[in-house]
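Here is a walk through a structure for someone meeting it for the first time. Have a look at the picture, then read on.

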Amino acid sequence: MPGREQLHRLRVEYGKDGRLAYLGHLEVINTMGRCIRRSGLPFSVGNGFARRIRLQFSQALPVGASSRCEYYDLLLTERVGEKDALCRLGDATPGGLAPLRCGYVPRELPALEAWLTRSAWEVSFSQGVDRAALDDALRQLLNRGSLEYLRGEKRKVVDLTQTLVGWGWGEPGVLTLQTRATNQASLRPAVLLSAAQGVLGREVPSYSVCRVGLWHEGVDGSLVEGLGTRSE
Amino acid sequence: MRLPRQDWYPRLEPLLGRVEKPSRYLDHEWGAVESQDGPFHACMIYPDVYDVGQPNLGIAILYQAINRQEGMSCERGFLPWVDMADLMREEGIPLLSLETSSPVASFDVVGFTLAHEMACTNIVEALDLAGIPLRAEERSEDDPVVFAGGPSVWNSEPVSPMFDAILLGDGEEGLVEMCSLVRDLRGRGASRSEILAALARLDGVYVPSLYQVEVGPTTTRWGKAVPKPGSGAPRVVRKRCIPDLSATDPLPQKIVPYVGLVQDRLAVEVLRGCARGCRFCQAGITYRPVRERPAEQVVRAAEEGLARMGYDEVSLTSLSTTDHSQCAGMLHRLNADLSLQGVRVSIPSQRLDSFGVQMAQEVGGSKKGGLTFAPEAGTQRLRDVINKNVTEDDIEAAARNAFERGWRRMKLYFMIGLPTETDEDIVAIPEVAQRVLDIGREVVGRGRKSGVSVSISVAVFVPKAHTPFQWAPQLELSEVRRRQALLLSSTHDRDIRVSYHDAEVSLVEAVLSKVGRGGFDLILEAWRHGCRFDAWTDQFDFSRWEEAARAVGIDMVDVASAPLSLDVELPWEHTSPGVSKGFLQREWRRAAQGVTTPDCTMTSCTGCGVCPTLGVDNVIWGDRHAR
């Protein structure tokens, strides 16, 4: 068995799509573990009580949200060609969670969850939405500084000045959001829109949410994509 | 008119964001059969939520068996949790199959697993949500034919009005025959009654509507079911039995779920049947004879299944895995092959002897969680009454062995309310736990840091059909509570933790185990009072059952605690697992005398009658490891 320093860190970008958007984060983690075992890749196993695959994930995606850019890091005991690894994972993974790209990254990079903190989202409304009113509601929320909401029975507070980086309008009926996860909280689009409905005093049309970007944010504000720091 | 077969997922999807665990309703799992072209369509329903039903090996076996047939498709169905069921009713969405989100009422055949008595209101709920008439007699020519089968068919009378046909025993061949018959006869334009008559001619198939209930001086108040004149139905329906397990698919489980399940692992059935002869145990009678799967097939299936499905645990399942004659070799080989891949091998329970501990060591390796044993009774006298062939020495030797091998936590299962039980037997339960704890302290040392602890879990005895204790009364509710209090007050050591089953749940279970066809009125009324998911502690509401019982004029305590005489004709005697009533009567008498009966797979035939009656035999591949 190779020592930890001899392991190879393979970063895999995958999507979350269709019905599988309704999987919870733990369900995705378990499913990916099984996909990796099915793929036959030479994965490394931890030494803990449960002897799990050495596998780390980027930040949890809300249940119901789809994504074009989720990541996991898998430690391998042997270096497998990227194309081959992608092919083997693709053959072993349900279509709704299909791997899109992969590459080796330096072992010393921080854990994915802490490293990839900037997100871009598309919120697609099923019907026309009053853009000006929604813009105004979002501005009012931002001016308040923070947003309180209930998650289950827990009261949560999100600092919008830190977590809501910006918003705009893309395709017709598509709101784009830029958010940042901090050590204290991350902002879920559904939470923001629910608060906006409160400000508007009426419901917005039904919508779907998709994460379309996930980056590391440098101290200078520059954005590095998940596979932007590959090792040789 | 039967509901048209069409995809309702677009109607269901908007509800997913509003319910707990939406992944229960998604389908599209790895290994699910995507092509559902039919033209004959069956839906197998486990009457509980997906996470409980999906690991059921019976459903997996039947799903694969039907889907293998040319021109037949089989989908799965589960009961939506209460939040989703209520939303579906609000939105006018009927119960749907999983694979194609088609209305269950659009299928040719709908099959239910009778997993346990407490699922009965869930079956009513499922039929109602599906829009299928609850009583078989109310169904029209075009409605689905509704089947049932599974471990709890052995007193099917109280649920029988809901089913067109009930399959007794092993289902892998019988269900395919039933589906083929429905397909062929429907294709020829046969009427529903002609189909039912033909089903009744198949081995192992009980068609309730062809029987009438007769109450007489030799029966209980629930009467007995006898064939209607001219129906051609057999007086006694005997179960189906696969003679050779090795001829069946060792790897029927092919679907890898997304949801965390109750049993989230690969399961390989290593043997069917158990001949230990515990007198309270229904499965020990109804799954006879013992049929082992050869070790080589088990190991190959486990390795192939793990590679194909990606699980990190494989469970070698059966009623008594450590009794398999090749158990040690099987476990040793699997561990050697799999441990480096981080794959755990598990067995569902351990024998209460040193061999059991040795096997637990084999599967656990250096990882020591808790170890579970089932002495079932506190005194040797009562263990002899129930035929639990375990001695004080066995318990102590197993405990010592386990502590010496590194285990620190021991869990012991017991029952209260067993026939002939006295207060002395109750007090002896914590005494057994104390002896085990003392052995642990002697081996490991005293004090909190040693980590030695014992927990005891105490169930309430429920007399079950086709067991030697089927004539026994259940303890009255007040007496159960007194004995539970006695148990608690007799437990003095802080390192012994006691938990016991809800006496009210056990009472309802006993009622459902003992009533005849007339008991369906109680089930229906309970469901109308809001009962569903009664096996879920947070959903079970005894007051609703009490109200329902009052409404239909049933005194539940009276039903459960009434003793029955040995010569009375019981409501379930027209269905037979092949074990003779004479054997059960003999076992009841031996119990009263405290005389034990050995396991026929380790000694010689004990005359239960199953082998000559069904034309089968025990299939044992090596030498069974007797104590």
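In chain A, 36% of the 232 residues count as buried. Keep in mind that this is a predicted model. Among the contacts in chain A with a separation of 6 or more, 72% link residues 24 or more positions apart.

What is chain A built from, in terms of secondary structure? The tally is 6 helices and 11 strands. Its radius of gyration is 19 Å, close to the 17 Å that the globule rule gives for 232 residues, so chain A is as compact as a globular protein of that length. Measured out along the principal axes is one way to picture a chain, and here the C-alpha trace of chain A spans about 60 × 35 × 35 Å.

Both chains are divided into domains, and the table sets them side by side.

| Chain | Domain 1 | Domain 2 | Separation of C-alpha centres |
|---|---|---|---|
| Chain A | residues 4-113 | residues 127-205 | 30 Å |
| Chain B | residues 9-238 | residues 245-515 + 554-614 | 29 Å |

Now for chain B, and the place where its two domains meet. There, 41 residues of domain 1 of chain B are in contact with 41 residues of domain 2 of chain B. On the domain 1 side, at least two residues each come from helix H2 (50-53), helix H3 (57-67), strand E8 (224-227) and strand E9 (237-238) of chain B. Which of these gives the largest share of that side? That would be H3(B), with 4 residues. By residue type, the side of domain 1 of chain B that touches domain 2 of chain B splits into 21 nonpolar, 10 polar and 10 charged.

Chain B also has some sheets to explore. Strands of a sheet pair through backbone hydrogen bonds, either parallel or antiparallel. One open sheet in chain B has 6 strands in the order E2-E1-E3-E4-E5-E6, with mixed pairing. Its edges are strand E2 (72-78) and strand E6 (205-206) of chain B, and each of them pairs on one side only. At the E6 edge, strand E5 (residues 165-167) of chain B runs antiparallel to E6(B), and 2 bridges join them. Here B:Leu167 stands opposite B:Val205 in E6(B). Helix H6 (residues 174-187) of chain B packs on this sheet, touching strand E1 (40-46), E2, strand E3 (109-113), strand E4 (145-149), E5 and E6 of chain B. The direction of H6 makes about 155° with that of E5(B).

Another open sheet in chain B has 4 strands, ordered E15-E16-E17-E18, and its pairing is parallel. Strand E15 (370-376) and strand E18 (496-500) of chain B are the edge strands, each pairing on one side only. From one strand to the next, the twist averages 20°. Strand E17 (residues 453-460) of chain B pairs with E18(B) in the parallel sense over 5 bridges. What is the bridge partner of B:Ser457 in E18(B)? It is B:Ser499.

Finally, the two chains touch each other. How many residues does each chain bring to the contact? Chain A gives 22 residues and chain B gives 18 residues. The chain A side of that contact divides into 9 nonpolar, 6 polar and 7 charged residues.

Definitions and conventions
Residues numbered from 1 in each chain as written. Chains lettered and ligands numbered in written order. Predicted model: local features only at pLDDT ≥ 70, side-chain atom pairs only at ≥ 80, totals over all residues. Contact = placed C-beta atoms within 7 Å. Nonpolar A, V, L, I, M, F, W, Y, C, P; charged D, E, K, R; others polar. Domains from an automatic or database assignment. Rg over C-alpha atoms; globule rule 2.2 N^0.38 Å. Buried ≥ 20, exposed ≤ 12 C-beta atoms within 10 Å, placed from the backbone. Pairing = 2+ DSSP bridges. Axes fitted to C-alpha atoms, helices over the stretch in contact; angles between N-to-C directions.
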